[in-house]
Amino acid sequence: MKQRFFALLFMITGVVAPFGLLAQQTPVFGDIGNGKFRNPVIPSDYSDPDIIRVGDDYYGIASTFCFSPGMIVIHSRDLVNWEIINHVVDDITFLHPDLDWTKMKGYFNGIWAGSLRYHQGVFYCHFATPRGGWFVATTKDIRGKWDVQAMKDSNGRELRGRGWDDLCPLWDDDGQAYIIASNFGKRWFPHIYKMSWDGTQLLDGLIDKDSDMSKNMEIIGGYVVKPFRTAEANKLYKWNGMYYIYFSEVRNIHGNRVRVPVMRRSKSIYGPYDEQLLMHSQGKSVDKEPNQGSIIDTKDGSWYFVTHHGTGDFDGRVLSVQPVNWKDNWPHIGKDSDNDGVGEMVWEMQIPHKGQEGIKMQTSDFFDSSQLGHQWEFNHQPRQGKWSLHERKGFLRLHAFSQLRKDDFFSTGNVLSQRYIRWGKGEAVAKFDIRNMSEGQEAGLAHFNGGKDYACIVVAKNNGKLQLLYKTKSGKVSEQIVLSENLSNRQRSLWFKTEIDFSGKATFAWSTNGKSYKTCGAEYQLKWGSYRGDRIGLFTYNNLHDSGYVDIDYMTYENKTIQ
């Protein structure tokens, strides 16, 4: 049995700038070991978060776009230390056929901006896809299997079509259920609808028979919360007899046009609503616009705001926790450092409470389990029968088949990947058994984002010879082969490595013995693309014929920052 080794705790040390108002993201993050934590608590792409508390546990979801399984589920005991525990959608082709490996047209599509709620022993996840429609998933065991179905309008018609997102339900004290949603069409405003008690059907919303479903699905009915086109990221709450609607919108703040958190409040769910700005942004270069997220209480009565930073970077939209203080029945987020009545980003503070023992984010995998670790997601729905953890125990076997579009990495089926974490210095190492590669096959380790940029180190078999290649592509520039080196045909295993510094510069290297490495001699700058940060992936393909495979012994992904 190979030794299991998983990710280090999200805790590193180093010399950084003071933790003041204008302090920016640094290599110090999460639990810093002195009873405090440093934002972001997860410096990785966990966008559009929704967090709830059930007893002593916090559960959350984050967007997964075209990656499968879809809608990641995370868990914490203190809002700072997190682990991945599940996904909501096993087969994302149920949502739209473009998300399958046979099409791979989901780079600006797929699952995003859902909600997570717990009501009478059932977990609910409402979400939409830009092209597929409006869906609801339910389970009694958040670590188990979810039942996913299309949401229905008041006539029982499935809400499959373009244009809806930012969905969030509320079960009122009298048993009536409501849901808020936004639409991309001519009525792109937040709407509130009555909903069936089981959360699966609208009671006063009806598909407009004249709507063009190929462009946007329009729904008649509901109550327009605010006729403002950039109001989105809806969350619906009821506290102390008052209805609260959280959303984010674009405003001019301190000379910057930024997206900021806003709250509306009313004694009736149908208004009239008062409104208050909850938090300022100091600009994209300072705090990267904390906005979409959840307001949540702890068991001891403290309140927090869990948010992503919305502008994105090569690490995606990272996750931070902010203090919330109530005044005059309004939540106030962050710290009002300039005394203008509105809070700003807090970078360091006390951990809400103890309870993080044994919880850490998974990264490394030795593939000696019967299932893939929860950190892994395929780029689009994978081709079944072309990957396995059973054909050779203790190894991930990837079978090669043709790319949908030759020499286009983003049309490679069965790319298995996980999110990049912005450590001070990160290192990923994968060991490949290459003895069963076929003519025309390529396999390797890659960095890539949401369909625009990538770099990879590759072993290829051409004309009966093994060759090492380093390929890269940025934006509209065609794929470039930066390095080509011949290998011995007797080579049985190869180790591929990528080292990434805090600025997102990655250097690839390879080894024939797992000890001494040669670098590729080129530096790749990680980038953000289609609302996604960087990912680290394992892959193989063969554009000559469906033949050959590689066995991957392990991939370790670790924090190598000097302690």
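What classes of residue make up the lining of the largest cavity, and how many of each? There are five nonpolar, five polar and one charged. Here, Ala, Val, Leu, Ile, Met, Phe, Trp, Tyr, Cys and Pro count as nonpolar, Asp, Glu, Lys and Arg as charged, and the others, Gly among them, as polar.

## About the model

This is a predicted model, where local features need pLDDT of at least 70, side-chain atom pairs count only at pLDDT 80 or more, and totals for chains, interfaces and linings use all residues. Residues are numbered from 1 along each chain as its sequence is written, and side-chain values use heavy atoms, with hydrogens and water left out.

## Cavities

Searching the whole structure turns up four cavities of 30 Å³ or more. A cavity is a set of points, on a 1 Å grid over the protein atoms alone, where a 1.4 Å probe fits but cannot get out; lining residues have an atom within 4 Å of a point. Grid points are joined across faces, edges and corners, and the volume is the space filled by probe spheres set on the points.

The largest cavity holds about 80 Å³, and its lining includes Ser44, Tyr46, Met361 and Arg419. The second largest has a volume of about 50 Å³. Arg419 turns up in that lining too, along with residues including Asp45, Phe67, Arg532 and Arg535. By class, the second lining has two nonpolar, three polar and four charged residues.

## An open sheet

Now for some strands (DSSP runs of E, at least two residues, numbered from the N terminus). Eight of them make an open sheet in the order S5-S27-S30-S39-S32-S33-S34-S35, with antiparallel pairing. S5 (67–68) and S35 (480–487) are the edge strands; each has a single partner, so one side of each has no neighbour in the sheet. Two strands pair if DSSP finds at least two bridges between them. In general, strands of a sheet pair through backbone hydrogen bonds.

Take S33 (residues 454–462) and S34 (residues 465–473): nine bridges join these antiparallel strands. One bridge partner pair is Lys461 with Leu466 in S34.

## Aromatic pairs

You'll find 38 aromatic pairs in the structure. Rings of Phe, Tyr and Trp (its six-membered ring) pair if their centres lie within 6.5 Å; planes under 30 degrees apart are stacked, over 60 edge-to-face, and the rest tilted. Tyr244 and Trp326 are edge-to-face, because their ring centres are 5.7 Å apart and their planes sit at 85°. This pair links distant parts of the chain, 82 residues apart: Tyr244 is in strand S19 (residues 242–253) and Trp326 in strand S24 (residues 319–327). Tyr244 is buried at 2% relative accessibility, while Trp326 is partly exposed at 29%. (Buried means under 20% relative accessible area, exposed over 50%, and partly exposed in between, with a 1.4 Å probe and protein chains only.)

Phe366 and Tyr554 form a tilted pair, with centres 5.3 Å apart and planes at 40°. Phe366 lies in the loop between S26 (348–350) and S27 (377–379) and Tyr554 in S40 (residues 549–559), so the pair ties together parts 188 residues apart in sequence. Phe366 is buried at 14%, and Tyr554 is buried at 17%. Elsewhere, one aromatic cluster has members including Phe67, Tyr107 and Tyr541.

## A look at Asn256

Asn256 belongs to strand S20 (residues 256–266) and is partly exposed, at 26% relative accessibility. Leaving aside neighbours within four places in sequence, Asn256 is in contact (heavy atoms within 4.5 Å) with Arg251, Gln282 and Gly283.

Methods: Helices (H or I, at least four residues) and strands (E, at least two) are DSSP runs, numbered from the N terminus. On a 1 Å grid over the protein atoms alone, a cavity is a set of points where a 1.4 Å probe fits but cannot get out, and a pocket is an open set with protein on both sides within 12 Å along at least five of seven lines; lining residues have an atom within 4 Å of a point.
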